[in-house]
Every structure is written in C-alpha cells, then in structure tokens.
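Notebook open, coffee poured. Today I want to look up how the protein meets the DNA, one strand at a time.

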Number of protein chains: 2
Amino acid sequence: MSRVRLPLLSVPQPPLAEDRKHADNLGLAEPAELLQVGDLAKETGKTVRAIHLYEELDLLRPRARSKGRYRLYGPDALVRIRWIGKLQDMGFSLTDIQTVVRDWEESGSAPSAMTKMREVYTKKLEETRALRRRLQRLEHELQASLDYLDTCDVCEPDRILSACKACDHHECDHTVPELVAGFRANPSPS
Amino acid sequence: MSRVRLPLLSVPQPPLAEDRKHADNLGLAEPAELLQVGDLAKETGKTVRAIHLYEELDLLRPRARSKGRYRLYGPDALVRIRWIGKLQDMGFSLTDIQTVVRDWEESGSAPSAMTKMREVYTKKLEETRALRRRLQRLEHELQASLDYLDTCDVCEPDRILSACKACDHHECDHTVPELVAGFRANPSPS
DNA sequence: ACTAACCCTCACGTAAAGGTTAGACATGTC
DNA sequence: GACATGTCTAACCTTTACGTGAGGGTTAGT
C-alpha cells in the first residue's frame with residue numbers, strides 16, 4: 001500500500017566530456033578507447049560509488065582490468081549506465097533492474113527475451129500514463145488552493161490578512177480546499 | 001544530485017467508514033465524536049504506527065487522552081492526516097512537512113504565514129508541472145522503443161525472432177532507442 | 001469477573017541507493 | 001624519483017517512513 005512519492009527533480013547534467021586522458025593508444029587498432037571508472041562517472045553524472053554498486057548488482061561489468069587491477073570499460077558501458085538511469089527515472093528500483101537483466105540474460109534464446117522486454121515497457125508505459133494523470137489532479141488541486149488563497153486577499157485587501165489565520169470569511173462556503181484546510185486543522189497543544 | 005524516482009502507484013482507498021463504535025455519548029453536546037487512533041487509521045488508510053509517527057514529528061496531536069492514556073482525536077485530525085498524505089503525494093517528505101508546520105505555527109502572525117503557504121504551493125506547482133513534462137518525455141521514449149520493437153518483428157515475421165538478440169537488422173539505422181540498446185550493452189562476463 | 005479487542009511505550013529492524021572513511025597500491029607527469 | 005591524482009577493497013554510516021515485536025495496561029460487552 002505504498003503511496004506515490006514524487007521527489008524533487010534535478011537532472012544530472014552530463015558534465016560535458018572531459019579531456020581524454022591518455023589520448024589514444026595509437027597503434028592498437030580495436031581495443032582503443034577504454035575508459036576507467038572515473039571517466040564513466042564524469043560522463044554519466046553518476047558517482048564512482050554508484051558505478052561500483054551497479055557492478056555489485058551485476059548490472060554492469062568492466063571489460064577488463066589494468067595490470068594494477070583498475071577497471072576498464074568499453075564505451076558500451078556508457079550506454080548501459082545511461083540506460084540504468086533511465087529505468088530508474090521511470091520508477092524501476094535497482095533490484096527491479098536486476099531482475100530485468102537476469103531475465104534477459106537467462107533467456108539466451110531471444111524470442112522470450114524480446115517478448116519480456118516488450119512486456120516490461122508496455123507495463124511501465126501504462127504506469128507512467130497513470131502517474132501523469134495523477135499528477136494532473138494534484139496540479140489542479142494546487143491551482144485551486146492558490147486560487148482560493150487569492151480570493152482571500154481579494155476580498156480583504158492587504159491589511160486584514162493579519163487576521164486571516166482565524167478568518168472565517170471562507171468558512172461559509174464549505175469548499176475550503178483540503179490543502180488549505182489541513183494547514184489549520186489539528187492545532188498545536190494547549 | 002538526486003534523480004527523480006517515480007514509484008509504483010497505489011492509492012490507499014479510504015476503507016469506507018466503519019461502524020461508529022460507542023455510538024454517540026448522548027447527552028454531552030459538544031465534545032462528542034472523539035476518535036481513537038484505530039479509527040483514524042481505518043478512515044485514512046494509514047497505519048496506527050504511521051499516525052504515532054506523525055505525532056512524534058509534531059504534525060499531529062491528540063485532543064485529549066482517556067483515563068487510560070488512550071489518544072483521543074477530534075475529526076479535524078482526519079483532515080490533518082489526509083492533508084499530510086496529499087503533501088506526501090506531492091513529493092514532500094515528512095521532514096519537509098515538519099518544516100512547513102513549524103513555519104506556520106511560529107508565525108502566529110498571519111500575513112507571513114499566508115504568504116509562506118502560497119509560496120510553498122506555488123513552488124510545488126511548478127515542480128509538478130516540470131515533473132509531468134519529464135514524464136511525458138519518458139512516455140514518448142517508451143512508445144518509441146515499443147514501436148522500434150514492433151518494426152523488428154514486422155520485417156522479420158515471427159520465426160527469425162529467435163536470432164534477434166544478435167540481429168543487426170536495425171544496426172544500420174543508427175537510431176536504436178537507448179532503452180533498447182541498453183538491454184544489450186555491456187554483455188555479461190566471459 | 002472474564003474476554004476479545006484495543007491501545008500504550010519502548011526499542012530495534014528494514015530496504016533503497018548510495019555516501020564516507022581508511023589504508024594501500026597504480027598511473028602519469030615533471 | 002617524487003607528486004598529484006585516481007583506484008582498489010572493505011566496511012560502516014545515512015536517511016525515509018514506517019514495520020515488528022515485547023511486555024503490559026484499558027475498554028466494552030456479557
């Protein structure tokens with residue numbers, strides 16, 4: 001019975017690509033462009049700790065390790081991390097994602113995998129729509145409350161506001177928005 | 001830098017008013033209708049524990065106690081609890097609400113209080129709008145991904161799906177939706 | 001009086017998603 | 001070789017919103 005929580009938003013802002021450190025190992029044709037964890041962090045906006053965590057959860061895996069055991073990732077890791085981020089944004093928990101990933105990898109045979117993927121996304125699409133409607137209702141309520149408050153100082157311009165906390169002016173029309181009523185309800189102790 | 005999380009939704013469903021236990025103490029005019037914590041719980045869908053918690057956080061306070069120290073609430077408590085719930089739905093944490101309440105009570109003088117209330121709601125209204133836009137983008141992405149997947153089995157009806165995990169059919173048009181690409185990115189260990 | 005429901009006050013547990021040390025190597029640069 | 005950074009592992013810390021007993025009174029009804 002957990003209710004919806006809509007936390008404050010703040011998009012990570014991919015901190016614009018930094019200087020490629022050890023340029024490119026000119027000579028070796030293919031395995032060029034290996035990134036280390038900090039690079040991933042910079043480009044995805046996630047922290048190193050977060051990326052390590054994803055690995056602990058088997059959501060991500062370094063392509064190799066350096067001699068000194070540094071993790072080395074291919075560029076696909078970027079895709080993966082961003083993907084994780086998007087799923088999170090859509091409301092998946094990391095453990096949800098774990099499941100999704102496990103399912104995908106277990107069904108090495110594709111058809112079921114594709115089906116699953118479609119299922120997951122379809123379901124989430126519906127949830128997202130529902131959530132948006134819900135938000136819209138909240139928006140209306142907020143708007144209504146603000147309108148109500150405006151009324152309050154329209155009918156009693158400016159000055160009388162100082163008495164407004166106890167103002168019964170609106171009490172006659174019993175449609176005090178809940179968002180406003182709640183403020184006053186349940187007064188503090190004696 | 002916390003990102004948005006949009007948890008699964010599920011509205012509490014106010015479990016339709018139960019039988020008024022000790023009917024109404026016929027005789028005593030005013031202080032009738034005192035509820036005890038379980039009643040509040042039933043009517044708001046919150047748990048008793050939750051209600052106790054709200055009290056610990058100074059968001060709610062019983063109007064009185066019975067001889068045996070049972071908490072007794074007036075009907076305004078219902079309003080208050082529902083109000084708390086709505087604020088939570090809008091993304092306020094309980095500690096946020098604590099602040100709001102404290103602010104409201106401290107400014108016993110009303111004008112600043114009203115202003116504050118308006119401020120809070122105005123801000124939240126904007127956040128909510130932003131969030132909705134964000135969700136809309138996610139919705140589009142989901143839709144796009146699903147469309148993409150449909151393409152996948154339109155061009156290769158049915159059977160070839162079994163090879164689709166490795167299918168490069170779409171790789172030519174480099175617009176693999178991130179939501180789809182992420183699935184495949186970063187293959188598991190060797 | 002007896003019983004079934006309630007309620008009281010601690011107080012510790014939990015899940016999520018990392019944050020934050022700490023102590024110790026690794027790398028790249030001058 | 002010396003420095004400044006960057007990484008490694010391991011392990012404990014943090015916050016949120018309650019959940020879950022334990023141990024023990026309270027109420028209402030019969």
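**Entry 1: a polar side chain at strand D.** I remind myself that this is a predicted model. I began with A:Arg69, where a polar side-chain atom sits 3.2 Å from a phosphate oxygen of DNA strand D. Next I asked which elements give two or more residues to the surface near DNA strand D. They are helix H1 (37–44) of chain A, plus helix H2 (48–56) and helix H4 (94–106) of chain B. I noted that H2(B) contributes the largest share there, 4 residues.

**Entry 2: other phosphate contacts on D.** I looked up A:Arg65 and found an N or O atom of its side chain 3.2 Å from a phosphate oxygen of DNA strand D. From chain B, the side chain of B:Ser66 places an N or O atom 3.1 Å from a phosphate oxygen of that strand.

**Entry 3: who surrounds D.** I counted 22 residues around DNA strand D, and the ones that come nearest are A:Tyr70, A:Arg71, B:Thr47, B:Gly68 and B:Tyr70. Sorting the surface by class gave me 7 nonpolar, 10 polar and 5 charged residues. I also checked which part of the strand faces the protein: 73% of the atoms of DNA strand D within 4 Å of the protein are sugar or phosphate, and the rest belong to bases.

**Entry 4: over to strand C.** What does the side chain of A:Arg49 reach on DNA strand C? I found a base oxygen, 3.1 Å from a polar side-chain atom of A:Arg49. For phosphate contacts I went to chain B. B:Gln36 has a side-chain N or O atom 3.1 Å from a phosphate oxygen of DNA strand C, and for B:Arg65 the corresponding distance is 3.3 Å. Two or more residues of the surface near DNA strand C come from each of helix H2 (48–56) and helix H4 (94–106) of chain A, and from helix H1 (37–44) of chain B. I wrote down H2(A) as giving the most, with 4 residues.

**Entry 5: who surrounds C.** I listed the residues that come nearest to DNA strand C, out of 22 around it: A:Thr47, A:Gly68, A:Gln88, B:Tyr70 and B:Arg71. By class I got 7 nonpolar, 10 polar and 5 charged residues. Of the atoms of DNA strand C within 4 Å of the protein, I logged 77% as sugar or phosphate, with bases making up the rest.

How values were computed
Residues numbered from 1 in each chain as written. Chains lettered and ligands numbered in written order. Predicted model: local features only at pLDDT ≥ 70, side-chain atom pairs only at ≥ 80, totals over all residues. Heavy atoms only, no water. Near = heavy atom within 4 Å. Polar contact = N/O pair within 3.5 Å; in protein donor to acceptor, adjacent residues only side chain to side chain. Nonpolar A, V, L, I, M, F, W, Y, C, P; charged D, E, K, R; others polar.
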